[in-house]
Amino acid sequence: MSIFGKLFGKEPEIDMEKSDTNRKKMRELFNHVVENGDDYKLVFGFTEDVSRFNYGLVHGSKSKIGNLIVGWDEQQETIVVVPTVPALSGCGDPIYYRHSEIHKAYRNKYPTDAFIIYPDRKGYIGINIYDWLEDESLYVYVSQEQEVKEFTEFFMTHFKTK
């Protein structure tokens, strides 16, 4: 919700038909690239790559948003991340994060609320997950309040190492 929505008590209406259509597209894409995809619960997430620059008097940063279909299987203690685009017109190859194979994992609350997974000592992924994000040009349009709660509980119970 925007600051004006909070101030004036008006929340944007979620188009549940569009959300449900995108949820089905997410499932189709995920199942297409992940073996036994139906064994996984799904949630939309994104990751940010922030690059900083300093050109003398000009300082700043640029963010690149990567959309993700995030699946999790409690029995296998596995998270699978599939890169996608906001229109869900295609996806990349899945990346598997098995609890038994990760170096470290935790929930980071600052500067953004993200789930951080270090598969080894050299790299990591930060997965941001929200109930709903309004900007369709940057994010997949999907309402997922219950899925966010379930993923958070799964992560904190099965993945958190710190």
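How many residues does helix 3 have, and what does its span reach from its first C-alpha to its last? Helix 3 has 15 residues and reaches 20 Å, close to the 21 Å expected at 1.5 Å a residue. The legends below describe a predicted model.

**View 1. The overall fold has three helices and seven strands.** Along the sequence the pattern reads α-α-β-β-β-β-β-β-β-α. The protein has 162 residues, and 36% of them count as buried. Among contacts with a separation of 6 or more, 51% involve residues 24 or more positions apart.

**View 2. Helix 3 has buried residues on one side and exposed residues on the other.** The buried residues of helix 3 are E147, V148, F151, T152, F154, F155, H158 and F159. They cover an arc of only 165° around the axis, so they lie on the same side of helix 3. E153 and T157 are exposed on the other side of helix 3. An α-helix has 3.6 residues a turn, so residues three or four places apart point the same way.

**View 3. Helix 2 agrees with its expected span.** Its 18 residues should span 26 Å at 1.5 Å a residue, and the end C-alpha atoms of helix 2 are 26 Å apart. S19, N22, M26, L29 and F30 are the buried residues of helix 2. They take up an arc of only 95° around the axis, which puts them on the same side of helix 2. On the other side of helix 2, E17, K24, E28 and H32 are exposed.

**View 4. The largest nonpolar core has 19 residues.** I79, Y97, I117, I127, F151, F155 and F159 touch the most other members. Strand 2 (58-73), strand 3 (78-84), strand 6 (114-118), strand 7 and helix 3 each supply at least two residues of this core. Helix 3 gives the most, with five residues. Take F155: leaving aside residues up to four places away in sequence, F155 touches I79, A105, Y106, R107, F115, I116, I117 and K160. A second, separate core has 16 residues, including M26, Y40, L42 and V142.

**View 5. Aromatic rings pair across the structure, with 14 pairs in total.** F46 and Y139 form a tilted pair, 4.9 Å centre to centre with 55° between the planes. The pair links distant parts of the chain, 93 residues apart. F46 is in strand 1 (residues 41-55), and Y139 is in the loop between strand 7 (125-128) and helix 3 (145-159). Both F46 and Y139 are buried. Another pair is Y118 with Y124: the ring centres are 5.4 Å apart and the planes are at 35°, so this pair is tilted. Is each partner buried or exposed? Y118 has 19% relative accessibility and counts as buried. Y124 has 57% and counts as exposed. Elsewhere, ring pairs link W72, F115, F151, F154, F155 and F159 into a cluster. In that cluster, F151, F154, F155 and F159 are among the buried residues of helix 3.

**View 6. Two lysines sit over tyrosine rings.** K18 lies over the face of Y141, at 4.8 Å from the ring centre. The charged end of K104 sits over the ring of Y118, at 4.9 Å from its centre. Y118 is also the tyrosine that pairs with Y124.

**View 7. N36 and L88 have positive phi values without being glycine.** Most residues other than glycine have a negative phi. For N36, phi is about 55°. N36 is found in the loop between helix 2 (16-33) and strand 1. For L88, phi is also about 55°. L88 is found in the loop between strand 3 and strand 4 (95-98). Is L88 buried or exposed? L88 is buried, with a relative accessible area of 6%.

**View 8. Q75 and H158 are 83 residues apart in sequence and 9.8 Å apart in space, C-alpha to C-alpha.** Q75 is found in the loop between strand 2 and strand 3. Q75 is exposed, with a relative accessible area of 77%. H158 is one of the buried residues of helix 3.

Technical notes
Residues numbered from 1 in each chain as written. Predicted model: local features only at pLDDT ≥ 70, side-chain atom pairs only at ≥ 80, totals over all residues. Heavy atoms only, no water. Phe/Tyr/Trp six-rings, centres within 6.5 Å; stacked < 30°, edge-to-face > 60°. Helix = DSSP H or I, 4+ residues; strand = E, 2+ residues; numbered from the N terminus. Buried < 20%, exposed > 50% of the residue type's maximum accessible area, 1.4 Å probe, protein only. Lys NZ or Arg CZ within 6 Å of the ring centre and 35° of its normal. Core = buried A, V, L, I, M, F, W, Y, C linked by side-chain atoms within 4.5 Å. Contact = heavy atoms within 4.5 Å. Expected span 1.5 Å × (residues − 1). Arc of directions from axis to C-beta.
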